[in-house]
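I opened this entry to keep track of what I looked up, strand by strand and then core by core.

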Amino acid sequence: MRVISGSARGRKLRTLEGLDTRPTADRVKEGLFSALHFRLPAARVLDLFAGSGQLGIEALSRGADHCLFVDSSRQCTDVITENLKACGFFKKSRVVCMDVFSFLVAKGDKFDIIVLDPPYRMEDPTALAAAAAGRLADGGALAFESSVDNPPAQEVDGLRLYRRYRYGKTFVTVYEKDRGEEA
């Protein structure tokens with residue numbers, strides 16, 4: 001796995017073998033970031049279920065200002081930290097080892113972009129998208145990678161569907177939060 005564009009283009013990223021992780025394919029990642037391209041410069045990004053950190057690192061490589069990585073596995077957060085240091089993005093990021101739902105319900109910062117790549121077998125992806133909407137800034141975008149067999153709903157409270165892309169057995173659903181809805 002590698003960074004596909006931007007200042008860290010071509011950098012190889014370490015992944016964990018044997019864990020219940022599924023790295024995002026390059027063509028899916030390229031499609032996801034094509035949809036977010038104009039939002040990336042100076043964006044505050046949240047990478048949930050971060051795994052190796054590849055989505056947040058890609059965002060940083062393409063011009064995001066800061067990224068917060070959240071994963072419940074200590075092994076994953078250690079790999080994310082290693083990858084951030086290797087790509088030169090450690091000072092532009094923060095890594096948190098915590099359950100994603102616990103993180104989302106806690107009060108905290110809002111983000112311009114949220115990228116989600118949860119386990120495909122997740123019971124209720126729509127509930128996750130709705131919870132993440134609470135941490136999205138006005139005018140922000142949420143990109144959700146899922147199986148075509150278990151995507152989040154097209155309608156999610158607080159968000160409107162921007163686009164849904166299909167890459168084989170994978171959907172990338174991009175939502176937007178309208179300006180002025182933030183409490």
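How many bridges join strand 1 to strand 4, and do they run parallel or antiparallel? I find four bridges between strand 1 (residues 44–48) and strand 4, and the two run parallel. The model is a predicted one.

**Entry: strand 4 and its partners**

I took one bridge as a marker: Asp 47 has Val 115 in strand 4 as its partner. I then followed Val 115 onward and reached Ala 143, its bridge partner in strand 5. Strand 4 and strand 5 (residues 136–147) are joined by five bridges and run parallel. Looking at the connection, I noted that strand 4, helix 5 (residues 125–133) and strand 5 make a β-α-β unit, and that this unit is right-handed.

Next I checked cover. Strand 4 spans residues 111–116, and five of these six residues are buried.

**Entry: Phe 111**

Phe 111 belongs to strand 4. Is Phe 111 buried or exposed? Its relative accessibility is 5%, and buried means under 20%, so Phe 111 counts as buried. I listed its contacts, leaving out residues up to four places away in sequence: Arg 44, Val 45, Leu 46, Leu 68, Arg 135, Leu 136 and Ala 137. I also looked up one C-alpha separation: Phe 111 and Ala 132 are 21 residues apart along the chain, and their C-alpha atoms are separated by 9.9 Å.

**Entry: strands 5, 6 and 7**

From Ala 143 I continued to strand 7, where its bridge partner is Val 174. Strand 5 and strand 7 pair over seven bridges in the antiparallel sense. Strand 6 (residues 160–167) is also joined to strand 7 by seven bridges, and these two run antiparallel. Here I recorded Leu 161, which stands opposite Tyr 175 of strand 7.

What lies between strand 6 and strand 7? The two form a hairpin with two residues between them. Gly 168, in the turn, has a positive phi of about 60 degrees.

I then looked at the cover of strand 7 and found seven of its seven residues buried. In a regular strand, side chains alternate between the two faces of the sheet. I therefore sorted strand 7 by side: Thr 170, Val 172, Val 174 and Glu 176 are buried on one, and Phe 171, Thr 173 and Tyr 175 are buried on the other.

**Entry: Gly 140**

Gly 140 is in strand 5. With a relative accessible area of 2%, Gly 140 is buried. Apart from neighbours within four places in sequence, Gly 140 is in contact with Arg 39, Asp 112, Tyr 175, Glu 176 and Lys 177. I looked up its separation from Met 122, 18 residues away along the chain, and the C-alpha atoms are 24 Å apart.

**Entry: nonpolar cores**

Which residues touch the most other members of the largest nonpolar core? They are Leu 36, Ile 57 and Phe 69, in a core of 30 residues. Two or more residues come from each of helix 1 (26–36), helix 2 (54–61), strand 2 (66–71), helix 3 (74–87), strand 4, strand 5 and strand 7 (170–176). Helix 1 gives the largest share, five residues.

I went through the contacts of Phe 69, again setting aside neighbours within four places in sequence. Phe 69 is in contact with residues including Asp 47, Ala 50, Gly 53, Gly 56, Ile 57 and Leu 60. Further contacts of Phe 69 include Ile 80, Leu 84, Ser 93, Arg 94, Val 95 and Val 96.

A second core is separate and has 22 residues, among them Phe 103, Ala 129, Ala 132 and Ala 133.

**Entry: rings and charges**

I noted one aromatic pair. For Phe 103, I found the charged end of Arg 135 over the ring, 4.4 Å from its centre. For Phe 171, I found the charged end of Arg 164 over the ring, 5.1 Å from its centre.

**Entry: Ser 61**

Where is Ser 61 found? Ser 61 is in helix 2. Its relative accessible area is 5%, so Ser 61 is buried. Beyond neighbours within four places in sequence, Ser 61 is in contact with Val 3, Ser 5, Gly 6, Ser 7, Ala 8, Arg 9 and Phe 89.

How values were computed: Residues numbered from 1 in each chain as written. Predicted model: local features only at pLDDT ≥ 70, side-chain atom pairs only at ≥ 80, totals over all residues. Heavy atoms only, no water. Buried < 20%, exposed > 50% of the residue type's maximum accessible area, 1.4 Å probe, protein only. Pairing = 2+ DSSP bridges. Right-handed = clockwise from strand over helix to strand, strands pointing away. Phe/Tyr/Trp six-rings, centres within 6.5 Å; stacked < 30°, edge-to-face > 60°. Lys NZ or Arg CZ within 6 Å of the ring centre and 35° of its normal. Core = buried A, V, L, I, M, F, W, Y, C linked by side-chain atoms within 4.5 Å. Contact = heavy atoms within 4.5 Å.
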